[in-house]
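Trainee: I have a model in front of me and I do not know how to read it. Can we go through some features together?

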Amino acid sequence: MPTDSNYTPGFGNHVATEAVPGALPIGRNSPQKPPFGLYAEQLSGTAFTAPRHENRRSWLYRLRPSAEHPPFTRYEGAARFAPGTVKEPLAPNRLRWDPVAGDSGVDLVDGMTTMLANRDPADLEGVALHVYAADRDMENRVFVDADGELLFVPQEGRLALLTELGRIDIAPGQVALVPRGVRFRAVLPDGSARGYALENHGAMFRLPDLGPIGANGLANPRDFETPNAWFEDRDERCEVIQKYLGSLWRTELHHSPLDVAAWHGNLAPWRYDLTHFNTINTVSFDHPDPSIFTVLTSPSDVPGRANADFVIFPPRWMVAEDTFRPPWFHRNIMSEAMGLITGAYDAKAEGFRPGGLSLHNLLSGHGPDKATWDAASNANLKPHKIGGTMAFMLESCWPYRPTSFALEHAQPDYDACWADFPKATLP
Ligand SMILES: O=C(O)Cc1cc(O)ccc1O
Ligand SMILES: [Fe+2]
């Protein structure tokens, strides 16, 4: 399918785009007088001095400067969004959640529930996992996250993300990223929407190196789509909700800040269709480590140890010979949060529902549940297609802490799925 003409294909490319002909200055970033009296503004995603291959920034040409705003005060809504995590000692338990029941009459911001987080956003490391359930468009308000980039993973209902740098439309099966600091409002074309919002406080998500896989495979760069410039010229009241150092703040403008008539640079939102992921797996034996399913990685300062990996478990053929095919039993130094977009996950026969969540933190023993182990240990190993499924994992080197809402709402009996394994019998 050719790329939608409202988007430019490629990951991390330098893009130049204008919604009004002539709005983009030519040959310089900050002319004395930008076209039409627009205001030039640089938005930095990395330090000015970051190495060139990692340096990300864009120049925005807007109706009014972002600097023009009154002071922020605490936002009193969205009680379940960014409340901080439990401070008490955390038991090394495996945890799982059913889909969180949403309130009615809430937009994306007020419909957010923070479930897991693992660092203070001010550390510029770590991730948080929020779920959203909303049934109202954001009207006369925008959201901006100063604490990290946001990767939206819809599970039910489409999302239209109207951002400062363009408009992104996604449906379940697609994901979209809004960079740190980019203001946006969410419109729900289906009237309601549910899903996951993965917040990354650390180094920006990038495509993983491919090593011996070669120049192609996994998520291919051209399948990422960056929207063309789009703006609204609305001189009416607009509330800005900002997540900043772990708390929510609000201020009010007399205009929409989605007023960027042109921009250029390589810091921009994008969308990606997970069905384009080129899944690679064994054609001989054994179940490879799930790092082969990495869509995006956010490195930490320790080589090979990710601040966060966004990993998917897409439809795929299972052909391994003399192999226990589902995920093995394991204890992982990395911490694993998982969500399910659709279908069933191959390590869990029951209890992990679309829209649900699970947490297998630092070194906690987990793997196939008893029913999965029984079935897979006795399965006829002919080629088998795992279809109609899409799970994801947000794997992080930093152990997660649940919020108190999450701890109070966890399934009471998750451990039972690993009870009563028969003892091995030695000769
Ligand atoms: O625990 C999980 O379900 C995620 C996972 C999947 C897999 O195929 C191998 C290891 C792993 O942690
Ligand atoms: Fe695991």
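Mentor: We will take a few residues and one ligand in turn. Keep in mind that this is a predicted model.

Trainee: Which residue does UniProt list for "active site"?

Mentor: Annotations may be inferred rather than shown by experiment. Here, the unreviewed UniProt entry lists H287.

Trainee: Where is H287 found?

Mentor: Look for the elements on either side. H287 is in the loop between β20 (270–273) and β21 (294–299).

Trainee: Why does H287 count as partly exposed?

Mentor: Count the C-beta atoms around a residue. A residue with 20 or more others within 10 Å is buried, and one with 12 or fewer is exposed. H287 has 17 C-beta neighbours inside 10 Å, so H287 counts as partly exposed.

Trainee: Which residues does H287 touch, leaving out those up to four places away in sequence?

Mentor: They are A320, T323, F324, R325, P327 and W328.

Trainee: Which residues are around ligand 1?

Mentor: H287 is one of them, and so is P327. The others are P290, H330, N332, E336, A347, H360, H366 and M393. By class, this shell has four nonpolar, five polar and one charged residues.

Trainee: Now N6. Where does N6 lie?

Mentor: N6 lies in the segment before β1 (7–9). N6 counts as partly exposed, because it has 13 C-beta neighbours inside 10 Å. Leaving out residues up to four places away in sequence, N6 touches P227 and N228.

Trainee: How many residues apart in sequence are N6 and D98?

Mentor: They are 92 residues apart in sequence. In space, N6 and D98 are 37 Å apart, C-alpha to C-alpha.

How values were computed:
Residues are numbered from 1 along each chain as its sequence is written. Chains are lettered from A and ligands numbered from 1 in the order in which they are written. This is a predicted model: local features need pLDDT of at least 70, side-chain atom pairs count only at pLDDT 80 or more; totals for chains, interfaces and linings use all residues. Helices (H or I, at least four residues) and strands (E, at least two) are DSSP runs, numbered from the N terminus. Two residues are in contact if their C-beta atoms, placed from the backbone, lie within 7 Å. A residue is near a molecule or strand if its C-beta atom, placed from the backbone, lies within 6 Å of it. Ala, Val, Leu, Ile, Met, Phe, Trp, Tyr, Cys and Pro count as nonpolar, Asp, Glu, Lys and Arg as charged, and the others, Gly among them, as polar.
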